[in-house]
Amino acid sequence: MQYIVSIFVLLVCQVTAFNNAPVPRSSTSRISSRIVRSSNALHQSSPNNNNDNNDNDNDTSSSQIVASPSGINILPNWKQQAIFAGTFGTLITSTALLKPVFHNIPNLPFVGQYLWHPELLGLIFVLAGVSHFFVDDYQNIYPPKGTWGGLWQLPGSAKFHVEWTGVAEIVGGVGLFVGLSSLIPLGDSIDGALLASSSAAALLGLAIAIYPANFYMWTHGAELPKGVGMEDSGHYGRFVAQIVLCGILAGLI
């Protein structure tokens with residue numbers, strides 16, 4: 001009996017010693033620990049998906065297009081391009097129809113003799129051309145690349161186009177005024193009619209070439225001067241005036 005008790009006490013001591021001894025880390029525990037550390041490192045080095053989504057939302061909201069008064073700038077690309085083509089088609093067709101009307105005005109009694117002074121149009125172009133170098137707001141109405149659904153792809157800065165069109169208006173205006181005015185005598189070597197006709201043709205091409213700036217004011221709400229908007233009725237009136245101007249220039253060719 002005493003022998004059995006001694007064995008029992010010995011077994012209890014061995015079990016207690018075994019429980020108090022440090023447990024060695026198994027290979028599975030080491031692998032699991034490595035996996036956890038690798039996962040944490042990967043999580044820290046990878047971008048935050050939530051932040052990305054928030055940033056994308058912010059970028060999207062900041063790049064949202066504000067509708068112009070006409071609302072044309074938020075239409076689908078093909079609609080913007082169709083409006084562009086229709087407007088210019090109307091301008092060119094109306095100019096062709098008005099050409100014979102204005103060409104025959106000088107032959108009308110009283111009107112052609114006393115009221116018809118197209119040489120004054122040359123002075124207006126000169127003044128308009130000079131203003132290109134003093135009014136910086138002209139650059140506000142130059143359509144940037146990609147306007148109207150990617151249709152507008154003209155290279156060059158707004159300042160460059162404002163300046164060269166200003167020079168062209170001055171030169172064309174001087175030629176038109178000198179060629180038509182009886183106040184400036186021309187030598188035998190200069191044909192006044194030819195000078196006036198050539199200047200009118202150049203100004204007609206220029207008037208059509210720069211009309212996209214006015215069209216941009218309507219479709220995208222560009223302002224000239226800056227801070228002063230225009231209602232749709234004002235743009236319609238401007239378009240009619242553009243047709244009349246092009247008709248007069250065409251009639252002088």
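Which handedness does the crossing of α8 and α9 have? In this predicted model, the crossing of α8 and α9 turns out to be left-handed. The two helices pack with their axes 8 Å apart, at an angle of about 150°. With the cut-off for roughly antiparallel set at over 145 degrees, that angle makes α8 roughly antiparallel to α9. On the α8 side, the contact is built from Trp164, Thr165, Ala168, Glu169, Gly172, Gly173, Gly175, Leu176, Val178, Gly179 and Leu180. Helix α9 answers with Gly192, Ala193, Leu195, Ala196, Ser199, Ala200, Leu203, Leu206 and Ile210. Sorted by class, the contact of α8 with α9 comes to 12 nonpolar, 7 polar and 1 charged residues.

It helps to step back to the whole chain for a moment. The protein has 10 helices and 0 strands, so to speak an α-α-α-α-α-α-α-α-α-α run when read from the N terminus. Out of 253 residues, 29% count as buried. Among contacts with a separation of 6 or more, 72% come from residues 24 or more positions apart.

Helix α8 (residues 158-180) has another partner in α6 (residues 119-131): the axes of these two come within 7 Å and cross at roughly 160°. Helices α6 and α8 are therefore roughly antiparallel to each other, and α6 passes α8 in a left-handed crossing. From α6, the contact takes in Glu119, Leu121, Gly122, Leu123, Phe125, Val126, Ala128, Gly129 and Val130. The α8 side supplies Gly166, Glu169, Ile170, Gly173, Val174, Leu176, Phe177 and Leu180. By class, 11 nonpolar, 4 polar and 2 charged residues make up the contact of α6 with α8. Several α8 residues turn up again here: Glu169, Gly173, Leu176 and Leu180 are listed for the contact with α6 and also for the one with α9.

What does α6 look like on its own? Its 13 residues reach 19 Å from the first C-alpha to the last, which is close to the 18 Å expected at 1.5 Å a residue. The buried residues of α6 are Glu119, Leu121, Gly122, Phe125, Val126, Gly129 and Ser131. Their cover includes α8, α9 (192-220) and α10 (232-251). Of these buried positions, Glu119, Leu121, Gly122, Phe125, Val126 and Gly129 also take part in the contact with α8.Helices α4 (77-103) and α10 (232-251) come together through residues far apart in sequence. Thr95 is found in helix α4 and is buried, at a relative accessible area of 6%. Leaving aside neighbours within four places in sequence, Thr95 is in contact with Leu204, Ile243, Cys246, Gly247 and Ala250. Val244, in turn, is found in helix α10. With a relative accessible area of 34%, Val244 is partly exposed. Beyond its neighbours within four places in sequence, Val244 is in contact with Leu98 and Phe102. Val244 and Ser94 are 150 residues apart in sequence, while their C-alpha atoms are 8.6 Å apart in space.

Some of the backbone geometry deserves a look too. Most residues other than glycine have a negative phi, and most peptide bonds are trans. Phe110, not a glycine, has a positive phi of about 70°. Phe110 sits in the loop between α4 and α5 (111-115) and is exposed, with a relative accessible area of 52%. Trp148 also has a positive phi, near 60°, but this residue lies in helix α7 (residues 147-150) and counts as buried at 1% relative accessibility. As for the peptide bonds, the one joining Leu224 and Pro225 is cis, with omega about -5°. Pro225 lies in the loop between α9 and α10.

Note on methods
Residues numbered from 1 in each chain as written. Predicted model: local features only at pLDDT ≥ 70, side-chain atom pairs only at ≥ 80, totals over all residues. Heavy atoms only, no water. Axes fitted to C-alpha atoms, helices over the stretch in contact; angles between N-to-C directions. Helix = DSSP H or I, 4+ residues; strand = E, 2+ residues; numbered from the N terminus. Parallel < 35°, antiparallel > 145°, perpendicular 65-115°, else oblique. Left-handed = near helix turned anticlockwise from the far one by under 90°. Contact = heavy atoms within 4.5 Å. Nonpolar A, V, L, I, M, F, W, Y, C, P; charged D, E, K, R; others polar. Expected span 1.5 Å × (residues − 1). Buried < 20%, exposed > 50% of the residue type's maximum accessible area, 1.4 Å probe, protein only.
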